[in-house]
Amino acid sequence: MNIFSIGNTILEFEELGSTNDYALELAKKSEKTLENGLVVFTKNQTNGRGQRENNWLSEKDCNLTFSICLNQLSITVSESFYLSMAVAVALKNFLNELKIDAQIKWPNDILVNNKKIAGILIENSLKGNIVSQSIVGIGININQQHFEHLTATSVYNETQNKLDLKSALKQLLNCIEKELIKVSLKKYDLIKRDYLQYLIGFKKTQTYQANNEIFEAKINDIKSDGAIELELNDKSKKKFYFKEVSLVLNYEQGN
Ligand code: BTN
């Protein structure tokens, strides 16, 4: 029997502001009875939220925007970045199945040729040191062809194949379930190994920006708290947290 199942119940809505907001609200109302792995899905998300207080824009009926409610992972706060890594690896594996060569940009953006194809927004609730609930929000561009930002892409733009959204969702949920089982079994080394393998700039020189400074560095390690450890040209090592440093991407290369 599966120790952990994702998407046994999928609540589908014609339209929602944000699937994360809906899932958070649902979790608040029915904390005790909320089914682990329940998915909230809409083909028309009108007020999607991204990281760094950004919006997540998604054209109606084109893409997957959904949130997974997790309340049985039993991870501690210091282990929570493994959840983020696992979901990023699952998205990469899903795209691999579609023959799309994606990479992960720290902490958890999914890019193809430097263009963003998917994003992850995980919102955790804590009970002391334990993550009692995680809402894992995922937006992945599937059939959308035109984007406001030239730095975005979709499965269609990469393959010229249109996908049935419901089947794509099921396939993606399978990939996610496989990785979440590893989280629940605390197979953190395996998750980190795959994450680092797919991570842009791991042991490879890239350009970064921090504190108005541009510099070259290699990712030397990712710490369990999610911090990135960069090795600078002079071999010194520096740790950065999310929002403290950003990778400078060259879009010409990606075209
Ligand atoms: C990012 O900034 O890269 C994260 C984007 C996350 C978007 C998804 S779409 C489904 C879920 N609901 C939201 O409001 N946001 C997430």
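Hi everyone, let's start with helix α2, which passes α4 in a right-handed crossing (right-handed if the near helix is turned clockwise from the far one by less than a right angle, left-handed if anticlockwise). Helices here are DSSP runs of H or I, at least four residues, numbered from the N terminus.

A quick word on the source: this is a predicted model, where local features need pLDDT of at least 70, side-chain atom pairs count only at pLDDT 80 or more, and totals for chains, interfaces and linings use all residues. Residues are numbered from 1 along each chain as its sequence is written, and side-chain values use heavy atoms, with hydrogens and water left out.

Back to our pair: the axes of α2 (residues 80-97) and α4 (residues 165-184) come within 8 Å and cross at roughly 140°. Axes are lines fitted to C-alpha atoms over the stretch in contact, with angles from 0 to 180 degrees between N-to-C directions. That makes α2 oblique to α4, oblique being what remains outside under 35, 65 to 115 and over 145 degrees.

Now for the other neighbour, α5 (residues 188-198): α2 packs against α5 at about 55°, with the axes 9 Å apart. These two are therefore oblique to each other as well, and their crossing is left-handed. Among the residues in contact (heavy atoms within 4.5 Å) are Phe81 and Met85 of α2 and Tyr195 and Tyr198 of α5.

Finally, the ligand. It is surrounded by 20 residues (a heavy atom within 4 Å), the closest being Ser18, Gln45, Arg49, Gln51 and Lys116. A ligand oxygen sits 2.7 Å from a polar backbone atom of Gln51, and a ligand nitrogen is 3.1 Å from a side-chain N or O atom of Thr19.

Notes:
Polar contact = N/O pair within 3.5 Å; in protein donor to acceptor, adjacent residues only side chain to side chain.
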